[in-house]
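Trainee: Before I accept any label attached to a residue or a contact, I would like to see the value and the cut-off behind it. Could we go through some of them together?

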Amino acid sequence: MASMTSSPTSSSTSATLYRLHSLPNRPPSSVSFISLSSHRRRFSPFIRRRLTWKTASSSSASSSGRASVSTPVVVSQLQALIFDCDGVILESEDLHRRAYNDAFAHFDVRCPPSAEQPLSWSSEFYDVFQNTVGGGKPKMRWYFKGHGWPTSTVFQNPPEDDENREKLIDVLQDWKTERYKEIIKSGTVEPRPGVLRLMDEARAAGRKVAVCSAATKSSVVMCLENLLGLERFQSLDCFLAGDDVKQKKPDPSIYVTASKILGISASDCLVVEDSVIGLQAARGAGMACIITYTSSTASQDFSEAIAVYPDLNEVKFEELDALLKDPVASS
């Protein structure tokens, strides 16, 4: 799944932040957050919107400083299938949550300090939280600021100055990262349904396969080697991580770069994403995009995707190829 890298500014996100802030001293497990199930968009197993686009960037638009405008375009053939990693190849959100909770237990993090048990983020809380505040350290910094800086085995008393607060965050994040790697390497994590088969079908059809993730390269390499297998990973025609581009999604840079490396026109590429942030990046690069949503992204607006699926288990490569061969321009 794509990660948010900046502070949210939309009205809906601001409302969520306000709601999180309005409950500063209650343990996450007892907080009543917005119910995802009640607000989730209802998708059928296969929803097809046969539309494609490319980004119009005429010289007049560039000279005037106006943003690029998306316009319909007919696509000839699917030549490259490009996958995001987190949320697409694996459902990583809950794995990150588990790693955070293990770190909180390991260092006996009590937040607020009067809590009887170490801090533990519930699934319901984290589904909202991870789509609201991007980045591991910003998450903890934001949470502790709102709920009270904790006691822990790192600092017996809640840290009061910025230096010690940052030290606490660094210690927790470093331990959490190593724990996350252990979970991935444990052999208990499986790729999402249909992903490996689709990669193999694309390869068998003579098409190119790539992975573009906003996460750090070391983390993505570790995930792909364990989930794809070394042979499949090394056979990728292109692999890009967040370290390889200056701007992260929703900026389209990573997909623009992939198109150049692959030697394939953006209009002949199809991106597989799980979030609206990734969808915006793909569209900004002039690429069509399908969505395979997760529990934490299911309520997002995917109206600009050409198809939306709960997973890829029953999706065949031939169907995706046909989807681009017979487009109907969006209105």
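Mentor: What follows takes several labels in turn and sets each against its criterion. Please keep in mind that this is a predicted model.

Trainee: Why is aspartate 162 called exposed?

Mentor: The word exposed is kept for a relative accessible area over 50%, and aspartate 162 has 59%, so the label applies. Aspartate 162 is found in helix α7, which covers residues 162–185, and together with Glu160, Asp161 and Glu163 it forms a negative surface patch.

Trainee: What makes that patch negative?

Mentor: Its members are Glu160, Asp161, Asp162 and Glu163, and because Asp and Glu count as negative, the patch takes that sign.

Trainee: How do you know that glutamate 182 and arginine 179 form a salt bridge?

Mentor: The criterion asks for a side-chain nitrogen of Lys or Arg within 4 Å of a carboxyl oxygen of Asp or Glu, and the closest N and O atoms of this pair are 3.3 Å apart. Both glutamate 182 and arginine 179 lie in helix α7, three residues apart, which is about one turn of the helix. As for the background, side chains of opposite charge can pair when their charged atoms come close.

Trainee: Why does arginine 179 count as partly exposed?

Mentor: Buried means under 20% and exposed means over 50%; arginine 179, at 23% relative accessibility, falls in between and therefore counts as partly exposed.

Trainee: Which contacts does helix α8 offer for the salt-bridge criterion?

Mentor: Glutamate 201 and arginine 197 meet at 3.1 Å, N to O, and both lie in helix α8 (residues 195–204), four residues apart, about one turn of the helix. The side chains of arginine 232 and aspartate 200 also meet in a salt bridge, here at 3.0 Å, N to O. Arginine 232 lies in helix α10 (residues 230–234) and aspartate 200 in helix α8, so this pair ties together parts that are 32 residues apart in sequence. Arginine 232 has 24% relative accessibility and aspartate 200 has 37%, and with the limits at 20% and 50%, partly exposed is therefore the right term for each. A search of the whole structure finds 16 salt bridges.

Trainee: Turning to the rings, why is the pair of tyrosine 100 and tyrosine 126 called tilted?

Mentor: The structure holds 16 aromatic pairs. In the pair of tyrosine 100 and tyrosine 126 the ring centres are 6.2 Å apart and the planes stand at 50°, so the pair is tilted, given that stacked needs under 30 degrees and edge-to-face needs over 60. Tyrosine 100 is in helix α4 (residues 93–106) and tyrosine 126 in helix α5 (residues 123–129), so that distant parts of the chain, 26 residues apart, are linked. Both tyrosine 100 and tyrosine 126 are buried.

Trainee: What makes the pair of phenylalanine 104 and tryptophan 121 edge-to-face?

Mentor: Their planes make an angle of 80°, with 5.0 Å from centre to centre, and an angle over 60 degrees counts as edge-to-face. Phenylalanine 104 lies in helix α4 and tryptophan 121 in the loop between α4 and α5, so the pair ties together parts 17 residues apart in sequence. Both phenylalanine 104 and tryptophan 121 are buried. Ring pairs link Tyr100, Phe104, Trp121 and Tyr126 into a cluster whose members also include Phe125 and Trp142.

Conventions
Residues are numbered from 1 along each chain as its sequence is written. This is a predicted model: local features need pLDDT of at least 70, side-chain atom pairs count only at pLDDT 80 or more; totals for chains, interfaces and linings use all residues. Side-chain values use heavy atoms; hydrogens and water are left out. Patches are made of residues with over 30% relative accessible area and no salt bridge: like charges are joined within 9 Å, nonpolar side chains (Val, Leu, Ile, Met, Phe, Trp, Tyr) within 5 Å. Accessible areas come from the Shrake-Rupley method with a 1.4 Å probe; for residues, only the protein chains shown count as cover. The place of a charge is taken as NZ of Lys, CZ of Arg, CG of Asp or CD of Glu. Helices (H or I, at least four residues) and strands (E, at least two) are DSSP runs, numbered from the N terminus. Buried means under 20% relative accessible area, exposed over 50%, partly exposed in between (1.4 Å probe, protein chains only). Rings of Phe, Tyr and Trp (its six-membered ring) pair if their centres lie within 6.5 Å; planes under 30 degrees apart count as stacked, over 60 as edge-to-face and the rest as tilted.
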